[in-house]
Amino acid sequence: LTLGGRARIDEFRHGELEELAIIRVLGFESLGDLSRFPKLKVLRIEDQIRLKSLDLSTASSHLERLLLLNCKGLERIGQVGHLSGLKELRISGTKIEFDTLLATKMPPTLRTFGFYTASLKANDAYRAKLNALGFDEFTPRA
């Protein structure tokens, strides 16, 4: 979903959808129940200033990549540890607190974790912590 305007996408459901990108949708506030997309592997949410929180408790165990980019109002994502298939998590330009997020349970499948702000110094410190925990910045090639 790109451009246009809507607060929610509750009426959308698709049993076979594997990738969902929500980019620059004016007024977007809520993703709703993710069980509507039981085969979702990639979720990308970008440029959504009104999105305050994201509940992942109903997301499928198939979700492998979660990218939350330039969502300036996003303060909280819940139930990341519930995502038993998550391999990559990237967060940039949000209000999410790095240390609070890092204190939450992460799924054991998570290998690539990127967290970025406007501060290069902070990014370097975050990268050092993530590296020490064994997270790669880029997805390793098999």
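**Group meeting: a five-strand sheet and its charged side chains**

Let me start with one residue: E46 is buried, with a relative accessible area of 15%, and the cut-off for buried is under 20%. A glutamate, then, and its side chain meets that of R44 in a salt bridge, 2.8 Å from N to O. R44 itself is partly exposed, at 29% relative accessible area. Before I go on, please keep in mind that this is a predicted model.

Okay, so where does this pair sit? Strand β2 covers residues 42-46, and that strand pairs with β4 in the parallel sense, over five bridges. If you want to find your way on the screen, go to R44 and look across: its bridge partner in β4 is L67. Step over to V42, and opposite you have R65, again in β4. Hold on to R65, as we'll come back to that arginine.

Now β4 itself, residues 65-69. How many of its five residues are buried? Four of them, so to speak a mostly covered strand. On its other pairing, β4 goes with β6, residues 88-92, also parallel and also over five bridges. From L67 you can carry on across, since the partner of L67 in β6 is R90. So hop from R44 to L67, then from L67 to R90, and you've walked over three strands.

Let me zoom out to the sheet. The order is β1-β2-β4-β6-β7, five strands with parallel pairing in an open sheet. At the edges are β1, residues 19-23, and β7, residues 112-116, each pairing on one side only. From one strand to the next the twist averages 0°. As a reminder for anyone who doesn't stare at sheets every day, strands pair through backbone hydrogen bonds, either parallel or antiparallel. And in a regular strand, side chains alternate between the two faces of the sheet.

Back to the charges. Side chains of opposite charge can pair when their charged atoms come close. The structure holds six salt bridges in total, and you've already met E46 with R44. Which residue does E88 reach with N and O atoms 2.7 Å apart? That's R65, our arginine from before. E88 lies in β6 and R65 in β4, so this pair ties together parts that are 23 residues apart in sequence. E88 counts as buried, at 7% relative accessibility, while R65 is partly exposed at 31%.

E88 has another partner too: its side chain meets R90 in a salt bridge, 2.6 Å from N to O. R90 is buried, with a relative accessible area of 12%. Put together, R65, E88 and R90 are linked in a network of salt bridges.

Right, on to the rings. A search of the whole structure turns up four aromatic pairs. Why do we call F115 and Y126 edge-to-face? Their ring centres are 5.3 Å apart and the planes stand at 90°, so the pair gets that label; the cut-off is over 60 degrees. F115 is in strand β7 and Y126 in helix α2, residues 120-132, so the pair ties together parts 11 residues apart in sequence. Buried or exposed, these two? Both F115 and Y126 are buried. Add F98, and you have one aromatic cluster of F98, F115 and Y126.

Last bit, the whole chain. The secondary structure comes to two helices and seven strands, and along the sequence the pattern reads β-β-β-β-β-β-α-β-α. The C-alpha atoms fill a box of roughly 40 × 30 × 25 Å along the principal axes. With 142 residues, a compact globule would have a radius of gyration near 14 Å, and the chain has 15 Å, which agrees. Of those 142 residues, 40% count as buried. And for contacts between residues at least 6 apart in sequence, 30% join residues at least 24 apart.

If you take one picture away, take β4: that strand pairs with β2 and with β6, and its R65 belongs to the network with E88 and R90. Happy to rotate the model if anyone wants another look.

Key
Residues are numbered from 1 along each chain as its sequence is written. This is a predicted model: local features need pLDDT of at least 70, side-chain atom pairs count only at pLDDT 80 or more; totals for chains, interfaces and linings use all residues. Side-chain values use heavy atoms; hydrogens and water are left out. Buried means under 20% relative accessible area, exposed over 50%, partly exposed in between (1.4 Å probe, protein chains only). Helices (H or I, at least four residues) and strands (E, at least two) are DSSP runs, numbered from the N terminus. Two strands pair if DSSP finds at least two bridges between them. Axes are lines fitted to C-alpha atoms, for helices over the stretch in contact, and angles run from 0 to 180 degrees between N-to-C directions. Rings of Phe, Tyr and Trp (its six-membered ring) pair if their centres lie within 6.5 Å; planes under 30 degrees apart count as stacked, over 60 as edge-to-face and the rest as tilted. A salt bridge is a side-chain nitrogen of Lys or Arg within 4 Å of a carboxyl oxygen of Asp or Glu. The radius of gyration is taken over C-alpha atoms; the globule rule is 2.2 Å times the number of residues to the power 0.38. Contact means heavy atoms within 4.5 Å.
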